[in-house]
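The following exercises concern the strand arrangement of a protein model and the setting of one loop residue. Each task is followed by a worked solution.

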Amino acid sequence: MGDIDDITKEKRVVFVTVGTTSFDALVRAVDTPEVKNELFKKGYTDILIQMGRGSYIPTRASAENGFPALDYFTFSSSIADYLKSASLVISHAGSGSIFETLRLGKPLIVVVNEDLMDNHQSELAEELAERKHLYCARPQTLYKTISDMDPGSLVPYQPGDAKPVAELIYRYLGFPED
């Protein structure tokens with residue numbers, strides 16, 4: 001920090017969050033040379049990973065040779081500032097992380113954790129992706145999702161649009177429809 005490159009080159013940060021659980025498959029996917037290089041080609045300068053309780057430790061690195069800088073941490077009392085400063089968010093499929101990111105108007109790739117039983121989160125992510133509010137991926141498809149993404153094509157999420165999503169959740173949980 002503080003050197004001439006920081007002044008002349010605008011930072012474009014990718015913030016990756018796994019929430020309070022472990023999602024090593026996502027952290028591993030982001031830490032691959034292919035994903036890091038694709039993010040760099042898309043103009044991102046830094047990757048910051050909130051890795052939760054995961055056991056996989058990503059490789060810290062400074063920006064060089066076609067790769068963004070990469071750093072990580074386990075937990076923070078609040079990720080709000082990280083979300084606000086991010087140019088792109090790659091997140092687990094937790095509804096809190098999804099809606100907070102969408103409310104901030106940040107481009108979002110939601111990566112579904114297929115290891116979770118009864119994965120209702122994937123339905124939420126897939127529904128919002130179908131409405132073009134975000135991109136939905138699996139750890140093994142993250143590279144292709146990044147490669148194909150055009151953040152300008154995403155439709156801003158309007159908070160008043162929550163009723164269809166709530167109805168989807170109610171139907172999934174088996175509540176009677178009004």
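**Exercise 1: The edge of the sheet**

Determine how S5 and S6 are joined.

Solution. S5 and S6 run parallel and are joined by 3 bridges; two strands count as paired if DSSP finds at least two bridges between them. Strands here are DSSP runs (E, at least two residues) and helices are DSSP runs (H or I, at least four), numbered from the N terminus. Within this pairing, Ile-109 stands opposite Tyr-135 in S6.

The model is predicted: local features need pLDDT of at least 70, side-chain atom pairs count only at pLDDT 80 or more, and totals for chains, interfaces and linings use all residues. Residues are numbered from 1 along each chain as its sequence is written, and side-chain values use heavy atoms, with hydrogens and water left out.

**Exercise 2: The whole sheet**

State the strand order of the sheet and identify its edge strands.

Solution. Begin with the order: the open sheet has 6 strands, arranged S3-S2-S1-S4-S5-S6 with parallel pairing. Next, consider the edges: S3 and strand S6 (135-137) each pair on one side only. The twist from one strand to the next averages 15 degrees. Then turn to an inner pair: strand S1 (residues 13-17) and strand S4 (residues 88-91) are parallel over 4 bridges, and Val-14 has Leu-88 in S4 as its bridge partner.

**Exercise 3: From S4 to S5**

Describe the unit formed by S4, H5 and S5.

Solution. First, S4 and S5 run parallel and are joined by 3 bridges; the bridge partner of Val-89 in S5 is Leu-108. Second, helix H5 (residues 95-103) packs on the sheet, touching S1, S4 and strand S5 (108-111), where contact means heavy atoms within 4.5 Å. The direction of H5 makes about 170 degrees with that of S5; axes are lines fitted to C-alpha atoms, for helices over the stretch in contact, and angles run from 0 to 180 degrees between N-to-C directions. Third, S4, H5 and S5 make a right-handed β-α-β unit: with the strands pointing away from the viewer, the path from the first strand over the helix to the second runs clockwise.

**Exercise 4: Burial and exposure**

Which residues cover the two faces of S5, and does Ser-62 count as buried, partly exposed or exposed?

Solution. Leu-108 and Val-110 on one side of S5, and Ile-109 and Val-111 on the other, are all buried (under 20% relative accessible area; exposed is over 50%, partly exposed in between, with a 1.4 Å probe and protein chains only). Ser-62 counts as partly exposed because its relative accessibility is 46%. Ser-62 lies in the loop between strand S2 (46-50) and strand S3 (69-73).
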